[in-house]
Amino acid sequence: MAIPTSPKEQNLNAAAVVPAAGRGERLGPGAPKALRELGGVPLLVHAVRALARSRAVTLVVVVAPADGVTRVRGLLDDYGVDGHDGARIAVVPGGSTRQESVRLGLGVIPGDVDVVLVHDAARPLVPVDVVDAVVRAVADGAEAVVPAVPLADTVKQVEPGAAPGRPEPVVATPDRSTLRAVQTPQGFRREVLLRVHEKALNDGVEATDDAGLVERYGGSVVVVPGHEEAFKVTRPLDLVLAEAVLARRRSRDEF
């Protein structure tokens, strides 16, 4: 089948970190979320292939559960992911938090890499155009880049209810035209991401969003257009939608 890839740009050298050490309990009991199957293939494999299709990405670092490195390495080998579209794959043990896992992944990226992406393993269907756009924006001078899409729903800001499950008072209705739903891969200048992770470690700061760390420590973050198919598979209904998207791609010989 025809698999979309981007043209090789010799002036770009990017690596990607894929934290995949979490269990993802909202998806239900069973294997860790990254190893759940979509179209008969684990979400993690889809995600790694999606990154490797960008010809700017030369290395993908998968951060596996500390006790699951051998299993994940074997899984990627079974699906022939290493060397897919020219990208090399490394698997390293993760930490107890997403932030620690990203930091451990950063530790094995060579010093000559200019751009670092951080991508959710649970976003298996991100189009290569989105990956390319993020890399290009960093290469063009941005410190940090996030792909994002406009919000389709009205958003309400609320206060906590009197008790769990009780009605929550609305305190504001933000203008949704100024809001965006953020996706991944997020992209960074390598030295910027290393610096904010080091500061967060020293300050005892925990965050689930790497771009948020850049903001916290005074850096600038810009947004590029994301894509509706780059959604995160978090709940069982998301997996049903992902199956439908994948089936449509396969019917069009796009995947």
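1. A good place to start is Gly219: setting aside residues up to four places away in sequence, Gly219 touches Glu143 and Val214. The glycine sits in the loop that runs between H6 and strand E12 (221-225). With a relative accessibility of 23%, Gly219 counts as partly exposed. Asp238 is 19 residues away along the chain, yet the C-alpha atoms of Gly219 and Asp238 are separated by 33 Å. Please keep in mind throughout that this is a predicted model.

2. Helix H6 itself covers residues 210-216, and Arg216 is part of that helix. Is Arg216 buried or exposed? Its relative accessibility is 56%, so Arg216 counts as exposed; the cut-off for that class is over 50%. For a sense of place, the C-alpha atoms of Arg216 and Ala200 are separated by 9.4 Å, with these positions 16 residues apart along the chain.

3. Stepping back to the whole chain, I find 7 helices and 12 strands in the protein. The radius of gyration is 18 Å, close to the 18 Å expected from the globule rule for 255 residues, so the chain is as compact as a globular protein of that length. The C-alpha trace spans about 55 × 40 × 35 Å along its principal axes.

4. Some whole-chain numbers help to fill in that picture. Buried residues make up 45% of the 255 in the protein chain. If you take the contacts between residues at least 6 apart in sequence, 73% of them join residues at least 24 apart. The accessible surface is about 12200 Å², and carbon and sulfur atoms hold 51% of that area. As for charge, there are 30 positive and 33 negative charges, and their mean positions lie 2 Å apart.

5. Now to the interior. The largest nonpolar core has 38 residues, and the members that touch the most others are Leu44, Val60, Val62, Leu76 and Leu117. Two or more residues each come from strands E1 (14-19), E4 (57-64), E5 (88-93) and E6 (115-118), and from helices H1 (43-52), H2 (69-78) and H4 (128-139). Which element gives the largest share of this core? That is H4, with 6 residues.

6. Leu76 deserves a closer look in the viewer. Leaving out neighbours within four places in sequence, Leu76 has contacts with Val45, Val62, Val81, Asp82, Ile89 and Val91. Apart from the core just described there is another one, of 24 residues, whose members include Ala15, Leu59, Val63 and Leu193.

7. Helix H1 is worth a point of its own. How many residues of H1 are buried? The count is 10 of the 10, so H1 is largely enclosed by the rest of the structure. Besides leucines, valines and alanines, the buried residues of this helix include His46 and Arg49.

8. Asp120 links several parts of the chain. This aspartate is in the loop between E6 and H4, and a relative accessibility of 10% makes Asp120 count as buried. Beyond its neighbours within four places in sequence, Asp120 is in contact with Ala47, Arg98, Thr184 and Lys232. One of these partners, Ala47, is among the buried residues of H1.

9. Another partner of Asp120, Thr184, brings us to the backbone. Thr184 and Pro185 are joined by a cis peptide bond, with omega at about 15 degrees. In general, most peptide bonds are trans. Pro185 is placed in the loop between strand E10 (180-182) and strand E11 (186-189).

10. Two further residues make a nice contrast. Ser96, in the loop between E5 and helix H3 (98-106), counts as exposed at 70% relative accessibility. Leu246, in helix H7 (residues 236-251), counts as buried at 1% relative accessibility.

11. Their long-range spacings are handy if you want to orient yourself. Ser96 and Thr234 are 138 residues apart along the chain, and their C-alpha atoms are separated by 19 Å. Leu246 and Leu38 are 208 residues apart in sequence, while the C-alpha to C-alpha distance in space is 8.1 Å.

Terms used
Residues are numbered from 1 along each chain as its sequence is written. This is a predicted model: local features need pLDDT of at least 70, side-chain atom pairs count only at pLDDT 80 or more; totals for chains, interfaces and linings use all residues. Side-chain values use heavy atoms; hydrogens and water are left out. Helices (H or I, at least four residues) and strands (E, at least two) are DSSP runs, numbered from the N terminus. The radius of gyration is taken over C-alpha atoms; the globule rule is 2.2 Å times the number of residues to the power 0.38. Buried means under 20% relative accessible area, exposed over 50%, partly exposed in between (1.4 Å probe, protein chains only). Contact means heavy atoms within 4.5 Å. Accessible areas come from the Shrake-Rupley method with a 1.4 Å probe; for residues, only the protein chains shown count as cover. Lys and Arg count as positive and Asp and Glu as negative; His and the chain ends are not counted. The place of a charge is taken as NZ of Lys, CZ of Arg, CG of Asp or CD of Glu. A nonpolar core is a set of buried Ala, Val, Leu, Ile, Met, Phe, Trp, Tyr and Cys residues joined through side-chain atoms within 4.5 Å.
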